[in-house]
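Trainee: Could you give me a close look at the cavities in this model? I'd like to know what surrounds them, and how they sit in the wider fold.

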Number of protein chains: 2
Amino acid sequence: MPQGRPPVVPDDGLTTRQRRNRPLLVVHTGDGKGKSTAAFGLALRSWNQGWSIGVFQFVKSAKWRIGEQTVLERLGDLHRDTGEGGPVEWHKMGAGWSWSRKPGSESDHAAEAAEGWAEIKRRLAAQTHDLLVLDEFTYPMQWGWVDVEDVVETIANRPGRQHVVVTGRRAHPRLLQTADLVTEMTKVRHPMDVGQKGQRGIEW
Amino acid sequence: MPQGRPPVVPDDGLTTRQRRNRPLLVVHTGDGKGKSTAAFGLALRSWNQGWSIGVFQFVKSAKWRIGEQTVLERLGDLHRDTGEGGPVEWHKMGAGWSWSRKPGSESDHAAEAAEGWAEIKRRLAAQTHDLLVLDEFTYPMQWGWVDVEDVVETIANRPGRQHVVVTGRRAHPRLLQTADLVTEMTKVRHPMDVGQKGQRGIEW
């Protein structure tokens, strides 16, 4: 289907098919809107391919539940019930990660972020998912809650065919260096500039 | 839920709630990836709110079917069968718009684009949808297939509470001027630069 012809064909000994199917590290960064939304849009495509999807949201409060979670989890149910699409797991920091079922403490975000990354590392090693969305993961990286080199090395050397999408502002230069695809979302105009606050169905 | 405080509170006589709920014209432009993907991610949120969604894809070939169409139409079926979420209509230029059921001629894209816009205009007047995604609509605007002033005036003066999202590169300055929210997606790095072509589940 795609008609694109790459400007450079590398001398890497791979066939076009092998090269095409290399797993990607995708980064959505910048101050504009659409970083997470585009990542969840990508998850739609993955679901349609029957891929296993793991979303890990590094948000401070798990009370905030966005529409995408409801819909993607619904698609995960659909997979379980009818076999359509792929399975979906959605995990949020903030009130304790869902796999650990430990009630989180609002004050220990650093420990929670480290715990989240440790689980992602285990899953990458086990090749649990085909697509992993690490939503707003640039912040724990920036704040030193996880070790940047550990993250970059682990993702760069992950086994098999796992696509990883990282979203968030101010992505670390080492992450950008390692990424296959980087899009910067730049704010040109936002309703909040003229006094309009976020609204249901648009912002969440 | 959202904690944002707008930097300016305008003297427009509206309450915060009235201002918050104003319908938006959103433009995703720029050369980077994620313009359409983020628009379809937004459609997920809208579906979850029970909104009626209309997608109008200004693509030259209707043979190209992206994963998002399959999934969003599936969500539309789910609404029809169970009442969950909202209804979804997905229309594509290229082989004749689905509502007209006229077989399209590959050579008359300009007429098809004009026909698509005429239908969108009728729907805006009738307030058929809560969210309209005009995917890749910047191109017919750029190529003179639709009248830019007509588009801008019609959208600016649309009745009721209809959100409109326009995607595509090189958005017309008049459209940007009218938009409430503009995000530019900038390519920082793309696998095609190093000879990797698009792949299933990621690009479509």
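**A close look at the cavities**

Mentor: Happy to. Let's begin with the chain: read from its start, chain A runs α-β-α-β-α-β-α-β-α-α-β-α-β. That gives chain A 7 helices and 6 strands. Keep in mind that this is a predicted model. Its scores are ipTM 0.78 and pTM 0.83. Chain A has a mean pLDDT of 87, with 81% of its residues at 70 or more. Where pLDDT is low, the coordinates should not be read in detail.

Before we go inside, a word on the surroundings. Chain A has 204 residues, and 51% of them count as buried. Of the contacts in chain A between residues at least 6 apart in sequence, 74% join residues at least 24 apart. On the outside, chain A exposes about 8,700 Å², and 49% of that area comes from carbon and sulfur atoms.

Now to your cavities. The count is 3 cavities of 30 Å³ or more. The largest of them has a volume of about 90 Å³. From chain A, its lining takes Val26(A), His28(A), Ala38(A), Leu42(A), Arg45(A) and Leu181(A), and from chain B it takes Lys33(B), Gly34(B), Thr37(B) and Ile202(B). Both β1 (25-29) and α2 (35-48) of chain A give two or more residues to this lining. Helix α2(A) supplies the largest share, 3 residues. Sorted by class, the lining holds 5 nonpolar, 3 polar and 2 charged residues.

Turn next to the second largest cavity, which has a volume of about 80 Å³. Here chain A contributes Lys33(A), Gly34(A), Thr37(A) and Ile202(A), while chain B contributes Val26(B), His28(B), Ala38(B), Leu42(B), Arg45(B), Leu181(B) and Thr183(B). Three elements of chain B, namely β1 (25-29), α2 (35-48) and β6 (181-189), each supply at least two residues. Helix α2(B) gives the most, with 3 residues. By class, this lining has 5 nonpolar, 4 polar and 2 charged residues. It is worth putting the two linings side by side on your screen: Arg45(A) belongs to the lining of the largest cavity, and Arg45(B) to that of the second largest.

Thr183 deserves a pause. Thr183(B) is one of the residues lining the second largest cavity, so let's see how its chain A counterpart is placed. Thr183(A) lies in strand β6, residues 181-189 of chain A. Is Thr183(A) buried or exposed? Its relative accessibility is 1%, and because anything under 20% counts as buried, Thr183(A) is buried. Beyond its neighbours in sequence, Thr183(A) contacts Val27(A), His28(A) and Thr29(A) in its own chain, and Gly32(B), Lys33(B), Met185(B) and Thr186(B) across in chain B. Two of those partners bring us back to the largest cavity, since His28(A) and Lys33(B) are both in its lining.

Away from the cavities, a few residues help to fill in the picture. Val151(A) sits in helix α6, residues 148-156 of chain A, and it is buried, with a relative accessible area of 0%. Leaving out residues up to four places away, Val151(A) touches Trp117(A), Phe137(A), Met141(A) and Val146(A). From Val151(A) to Gly85(A), 66 residues apart along the chain, the C-alpha separation is 29 Å.

Arg22(A) lies in the loop between α1 (16-20) and β1 of chain A. With a relative accessible area of 29%, Arg22(A) is partly exposed. Its C-alpha is 25 Å from that of Leu72(A), a residue 50 places away in sequence.

Finally, two backbone details to check by eye. Most residues other than glycine have a negative phi. Gln127(A), however, has a positive phi near 55°. Gln127(A) is in the loop between α4 (109-126) and β4 (131-135), and is partly exposed at 41% relative accessibility. In chain B, Glu136(B) has a positive phi of about 60°. Glu136(B) is in the loop between β4 (131-135) and α5 (138-142), and at 29% it also counts as partly exposed.

Technical notes
Residues numbered from 1 in each chain as written. Chains lettered and ligands numbered in written order. Predicted model: local features only at pLDDT ≥ 70, side-chain atom pairs only at ≥ 80, totals over all residues. Heavy atoms only, no water. Helix = DSSP H or I, 4+ residues; strand = E, 2+ residues; numbered from the N terminus. Buried < 20%, exposed > 50% of the residue type's maximum accessible area, 1.4 Å probe, protein only. Contact = heavy atoms within 4.5 Å. Areas by Shrake-Rupley, 256 points an atom, 1.4 Å probe, with all protein chains shown as cover. 1 Å grid on protein atoms, 1.4 Å probe; cavity = no way out; pocket = protein on both sides within 12 Å on 5 of 7 lines; lining within 4 Å. Points joined across faces, edges and corners; volume = space filled by probe spheres on them. Nonpolar A, V, L, I, M, F, W, Y, C, P; charged D, E, K, R; others polar. pLDDT = per-residue confidence, 0-100.
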